[in-house]
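Work through the exercises below with the coordinates loaded. Each task is followed by a solution in steps.

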Amino acid sequence: MSDMPRRPYRVAIVGGGIVGLFTAYRLLRAGAGPVVVLERGFLSSGASGRNGGGVRQQWDSRVTVRMMREAVQEWRHFGREFGTNVWFRQGGYLFLATTPAEVTRLRQVTEAVRAEGLDGRLLEPSGALRYAPSLSLDGIAGATFLNTDGTLYPFPGVWGVYEAVRALGGEVRLGVEVTGVRTEAGRVVGLSTSEGPVDAAAVVNAAGGWSGDVSRLAGLAVPNVASRHEILATEPLKPFLDPMVIRLADGLYFSQTMRGEVVGGLAVPHPTGTRAGVPTSPAFLRSMSRSLVRLIPALAPVGVLRAWSGYYDDTPDGFPVIGEDPRLPGFFHANGFSGHGFMLSPASSKRVAQSVLGEKTDLDPALFSPGRFLDPHRRGEAEGLQPG
Ligand SMILES: Cc1cc2nc3c(=O)[nH]c(=O)nc-3n(C[C@H](O)[C@H](O)[C@H](O)COP(=O)(O)OP(=O)(O)OC[C@H]3O[C@@H](n4cnc5c(N)ncnc54)[C@H](O)[C@@H]3O)c2cc1C
């Protein structure tokens, strides 16, 4: 018999990744109980347990820089608030350009970063060696560096927020699949699940790469697309690399963890959608190894320990989707986070919670609202700095 109570929840959240959990935490902190998080797998089974742990404030658009600046402050103090250590290390992010057009792009990024009060630096190729001495400068035309960007371990982030949600009286139900969105008189009244119905005044779709499926359960067409990305970890090496390094040309990204492994990825094309599951491919291992060794020849003899894959939840303009769906009162989106939902979660969850509580957020609806894709006169702005 199921132990899933039907009771009327104030909010039911679909997806127990970092976004769903952080949203639950914000809601509970605001006194908005009862809140339940429904996760069909295990904690961190989605992208939140499969990512590269990168945290950066270098972006195309100032609004993303601003939100990420806020998120960085939150990650810095995460241990104090949640009592777990995410090992947030601010070793910087080094972006590499290989063409004049990419240098121009990085110049614009640095302008956006500096306009938000951060110390982004545009560098000559040789300047990159100051931060990553082992790089080959062959083909490098320029670089940017921001010293307060960094990396963290995602798992303790998920666990810390999970424990905090439960300590605040929130329920997190693992192994419970949401199978339907229940409506009455045109508004959300709850969910159908593998463990029976749940009543809730509001539902938050935080299902990551599966958010399109969950929206469709509610009868809503959305443009979110799941794309699979592969990533690997090498055997551990002596510390030799402080920053996360990203090469724009092929989307190569990698950093060295505090355990010494080089962890990184690079985009290889896959059919969209989640049907493939989470395999890895020889094509990825080949492209990744070639690309990495071209940039750091000394890594040639190093072995790969493991590789895995996970899903980005992409939107057409690269901005996430946050807020109530204009077509279905009570149905809220917290999705479309592409390859940066983990780093952004301390800041994005505040806005999700505010919108669920009917409070005003500082988000520009033209960039973040679910309704923007229904607007034929939508502004063409995009957040495109999403390599990897
Ligand atoms: C290879 C890779 C590298 C990345 N690198 C970075 C990085 O360096 N920095 C960064 O910030 N981000 C990175 N990301 C992106 C980041 O991991 C995601 O944006 C973030 O984890 C999204 O969190 P989420 O909670 O929205 O989704 P998820 O963690 O995917 O959680 C969604 C959950 O919903 C559950 N679910 C789905 N459907 C249902 C249903 N019907 N019923 C119940 N549960 C359901 C799933 O099981 C899943 O656990 C990377 C992603 C990948 C794949």
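**Exercise 1.** In this predicted model, find the residue where helix 9 bends and state the angle.

*Solution.* Fit one axis to the seven residues ending at a given position and another to the seven starting there. At Ala 347 the angle between these axes is about 50°.

**Exercise 2.** Compare the end-to-end C-alpha distance of helix 9 with that of a straight helix.

*Solution.* Step one: helix 9 covers residues 341–356, which is 16 residues. Step two: at 1.5 Å a residue, a straight helix would reach 22 Å. Step three: the end C-alpha atoms of helix 9 are only 19 Å apart, short of that value.

**Exercise 3.** Is helix 9 largely enclosed or open? What backbone angle follows its end?

*Solution.* Count a residue as buried when its relative accessible area is under 20%. Of the 16 residues of helix 9, 14 are buried, so the rest of the structure largely encloses this helix. Just after helix 9 comes Gly 358, with a positive phi of about 75°.

**Exercise 4.** Locate Pro 34, classify its exposure and list its contacts beyond four places in sequence.

*Solution.* Pro 34 sits in the loop that joins helix 1 (18–29) to strand 2 (35–39). Its relative accessible area is 27%, so Pro 34 is partly exposed. With neighbours within four places in sequence set aside, the contacts of Pro 34 are Arg 7, Pro 8, Tyr 9, Arg 10 and Val 11. For Val 11, 23 residues away along the chain, the C-alpha separation from Pro 34 is 6.8 Å.

Methods. Residues are numbered from 1 along each chain as its sequence is written. This is a predicted model: local features need pLDDT of at least 70, side-chain atom pairs count only at pLDDT 80 or more; totals for chains, interfaces and linings use all residues. Side-chain values use heavy atoms; hydrogens and water are left out. Helices (H or I, at least four residues) and strands (E, at least two) are DSSP runs, numbered from the N terminus. The expected span of a helix is 1.5 Å times one less than its number of residues. Buried means under 20% relative accessible area, exposed over 50%, partly exposed in between (1.4 Å probe, protein chains only). Contact means heavy atoms within 4.5 Å.
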